Amino acid sequence: MDPVEELTEEHGEEGGEQPADPPGDPSPSEGEGLPSHATDGAEAPGEAAPQADSPASGDAEAPSPEAGSARQLTTIQNDTEGPLSFDGSTALTWIGGFSGLALILAIAVAFGVRSRKATPNFEEPQQDVVPVEHREQIAPTEPHETVGGRLRRALSNSRAVLMGGIDKIFGGPQIDEAAFDELEEALLRADVSLKTVQHLLGPVREGALAGEATPSELRAKLHENMKACLAKVEQPLERPEVEGPWVLLVVGVNGSGKTTTIGKLAARLTGQGAKVMLAAGDTFRAAAVEQLKVWADRAAADIVAGSAGADPGAVTHDALQAALARGHDVVIVDTAGRLQTERPLMEQLSKIRRVIDKVVPGAPHSTLLVLDGTMGQNGLSQARTFHDAAPLTGVVITKLDGTAKGGMLLTLAHELEVPIQLLGIGEGIDDLKDFDADAFIEALA
């Protein structure tokens, strides 16, 4: 075996410092068995290499620097031929590196989230953003807006439908039969019934076809006819001359705004100095009693309520007895919402009226029907049916601020002739206003 290879093998197995050459073994010549780049100053072939001075016989020959370099290079080459492996310290180094990187990323993310939270939001509030096409219809409320201005804003949708036809007809140079057909269509779209349309346009049509008036005069005549139609049913809600409490019975279908109207009316009366009692007679609708209690607190009114599903006649009886004992000025009786087609529920109103009359003779003194303004001409059918079950003394029209069917009031006035007493024109507690025929027509047309 070559001495260099023997030394390499022993180095790979033991991993320690290699011993010197044993005594008596011949030393390899310089460059023998070594790579060409590991020898220093090798002779070309055919030339005799100079002999170095040899030590005394029996002494070990010290390895030359060239031989040490050869042993180190050979050892590195043999070590790199086997598979790579990692010891424990290497694994800990990698784990520590990854942990440090993860910690840095976590700190960066936390700092970014905190920065975003600390950044103020300069976006406009969502409720203040009004689409362009609605900005004329949903004008902001003025701090001291008049009742007429609020009514005009509430009827903006109905006005847009009706005025489009009126301006088109009376803004032209002449008016013919075709123009009146278009005007009839505009009134019908505003939910004025056909019978009422014919009543309003009859005199105007005759004057136009006879050539007796200008377009502006005909327009003024139409306004006069509308005001005359509504003036017949204009009647404010006032306390009648009665002994004892003034009893009001409030009826209507579910979703018409009946309970909200009772709360606003109670607030209005307590603001005038009256002592008000509420009777929670709507014992069938879920949360109706709780809703009326909230309104009683807001209006500073007293309330008598029963359990869910209780007899509304019994609740009404107890409320009237309590009002008589405590000296209340006004009693407002809520009733369960019902459709005009439900005969058993409609007959129940007659029973409640009998209970009221037994406790307070001659009562109820006022029976108010709450109509949803978005129902249009269906409100006429409701009013007729409720009028048959419990003779109505007045009508309250609600939700006029969200409909284009304000013309239904003309239909009610002409065909039913029941007084229109109150209008609901908003969500505020003071948005229940007396009906004013002139102000209504000016806001509508």
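In the predicted model, helices α7 and α14 are roughly perpendicular to each other, because the angle between them falls in the range of 65 to 115 degrees. Helix α7 spans residues 194-209 and helix α14 spans residues 408-415; the two pack at an angle of about 85°, and their axes lie 9 Å apart. On the α7 side, the contact involves Lys-195, Thr-196, His-199 and Leu-200, which meet Leu-410, Thr-411, His-414 and Glu-415 of α14. By character, the residues of this contact comprise 2 nonpolar, 4 polar and 2 charged.

The model also contains an open sheet of 8 strands with mixed pairing, arranged in the order β3-β2-β4-β1-β5-β6-β7-β8. Strands β3 (302-305) and β8 (432-434) form the edges, each pairing on one side only. From one strand to the next, the twist averages 25°. Within the sheet, strand β1 (residues 246-251) and strand β4 (residues 330-334) run parallel and are joined by 5 bridges. Here Val-250 stands opposite Asp-334 of β4. Helix α11 (residues 312-326) packs on the sheet and touches β1, β2 (276-280), β3 and β4. The direction of α11 makes about 165° with that of β2.

Both Val-250 and Asp-334 are also among the contacts of Lys-258, a residue located in helix α9 (residues 258-271). Lys-258 has a relative accessible area of 5% and is therefore buried, the limit being under 20%. A polar atom of the Lys-258 side chain lies 2.6 Å from the backbone oxygen of Thr-335. Beyond its neighbours within four places in sequence, Lys-258 is in contact with further residues, including Val-251, Gly-252, Asp-282, Ala-336, Gly-337 and Val-370.

Conventions
Residues are numbered from 1 along each chain as its sequence is written. This is a predicted model: local features need pLDDT of at least 70, side-chain atom pairs count only at pLDDT 80 or more; totals for chains, interfaces and linings use all residues. Side-chain values use heavy atoms; hydrogens and water are left out. Helices (H or I, at least four residues) and strands (E, at least two) are DSSP runs, numbered from the N terminus. Buried means under 20% relative accessible area, exposed over 50%, partly exposed in between (1.4 Å probe, protein chains only). A polar contact is a pair of N or O atoms within 3.5 Å; within protein, one must be able to donate a hydrogen and the other to accept it, and residues adjacent in sequence count only if both atoms are side-chain atoms. Contact means heavy atoms within 4.5 Å. Axes are lines fitted to C-alpha atoms, for helices over the stretch in contact, and angles run from 0 to 180 degrees between N-to-C directions. Angles under 35 degrees count as roughly parallel, over 145 as roughly antiparallel, 65 to 115 as roughly perpendicular and the rest as oblique. Ala, Val, Leu, Ile, Met, Phe, Trp, Tyr, Cys and Pro count as nonpolar, Asp, Glu, Lys and Arg as charged, and the others, Gly among them, as polar. Two strands pair if DSSP finds at least two bridges between them.
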